[in-house]
Amino acid sequence: MMGYTNKATKEPYMQLICNPYEHESSVNTRVTIDVMQKDLSRDDVIQVLEGFMKAMGYNFSAKECLGIEVHD
């Protein structure tokens, strides 16, 4: 998310929230990501989403990432 010169908003522009899974084996943890910057590029949004998934416990190998797939 580098290279943006517009100011961040006072309130989150985008919020990603994962509430605790209600099960006895679950760790009681809530994951929240607040994106304060507007006008993110599509690649920046994907980077935020991938980071959110990692924070939720999803693993990506060194050769995996989220992305846009083009269909004909």
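## The nonpolar core

The largest nonpolar core brings together 7 residues: Met14, Leu16, Val31, Val35, Leu40, Val48 and Phe52. Three elements give two or more residues to this core, namely β1 (14-18), β2 (31-35) and α1. Do keep in mind as you read on that this is a predicted model.

## Overall layout

Let's step back to the whole chain. The protein has 1 helix and 2 strands, and along the sequence they follow the pattern β-β-α. Of the 72 residues in the protein, 15% are buried.

Two further totals may be handy for a computational chemist. Among contacts with a separation of 6 or more, 46% come from residues 24 or more positions apart. The accessible surface of the protein is about 6300 Å², and carbon and sulfur atoms account for 50% of that surface.

## Helix α1

Helix α1 covers residues 42-55. With its 14 residues, α1 reaches 20 Å from first C-alpha to last, which is close to the 20 Å expected at 1.5 Å a residue. After α1 comes Gly57, which has a positive phi, near 110°.

Which residues of α1 are buried? They are Asp44, Ile46, Val48, Glu50 and Phe52, so the list holds acidic side chains alongside nonpolar ones, with buried meaning under 20% relative accessible area. The cover over these buried residues includes β1 and β2. Two names on the list, Val48 and Phe52, also belong to the largest nonpolar core.

## Glu50 and its salt bridge

Glu50, in helix α1, deserves a closer look. Is this residue buried or exposed? Glu50 is buried, because its relative accessible area of 14% falls under the 20% cut-off. Leaving aside residues up to four places away in sequence, Glu50 touches Phe60, Cys65 and Leu66.

Side chains of opposite charge can pair when their charged atoms come close. Here the side chains of Glu50 and Lys54 meet in a salt bridge, at 3.2 Å from N to O. That distance qualifies because the cut-off is 4 Å. The count for the model is 1 salt bridge. Both partners sit in α1, 4 residues apart, or about one turn of the helix. Their surroundings are not alike: Glu50 counts as buried at 14% relative accessibility, whereas Lys54 counts as partly exposed at 44%.

## Met53 and its neighbours

Met53 is another residue of helix α1. At 26% relative accessibility, Met53 counts as partly exposed, because this value lies between the 20% and 50% cut-offs. What does Met53 touch, not counting residues up to four places away in sequence? The answer is Tyr58, Phe60 and Leu66. Phe60 and Leu66 appear among the contacts of Glu50 too.

Met53 can also be placed relative to Cys18. These two residues are 35 residues apart in sequence, and their C-alpha atoms are 9.5 Å apart in space.

## Cysteines

A disulfide is a covalent bond between the sulfur atoms of two cysteines. How many disulfides does the model have? The count comes to 0 disulfides.

Two cysteines have already come up in this report. Cys18 is partly exposed, with a relative accessible area of 24%. Cys65, one of the residues that Glu50 touches, counts as exposed at 59% relative accessibility, because the cut-off for exposed is over 50%.

Key:
Residues numbered from 1 in each chain as written. Predicted model: local features only at pLDDT ≥ 70, side-chain atom pairs only at ≥ 80, totals over all residues. Heavy atoms only, no water. Buried < 20%, exposed > 50% of the residue type's maximum accessible area, 1.4 Å probe, protein only. Core = buried A, V, L, I, M, F, W, Y, C linked by side-chain atoms within 4.5 Å. Expected span 1.5 Å × (residues − 1). Contact = heavy atoms within 4.5 Å. Areas by Shrake-Rupley, 256 points an atom, 1.4 Å probe, with all protein chains shown as cover. Disulfide = S-S within 2.5 Å.
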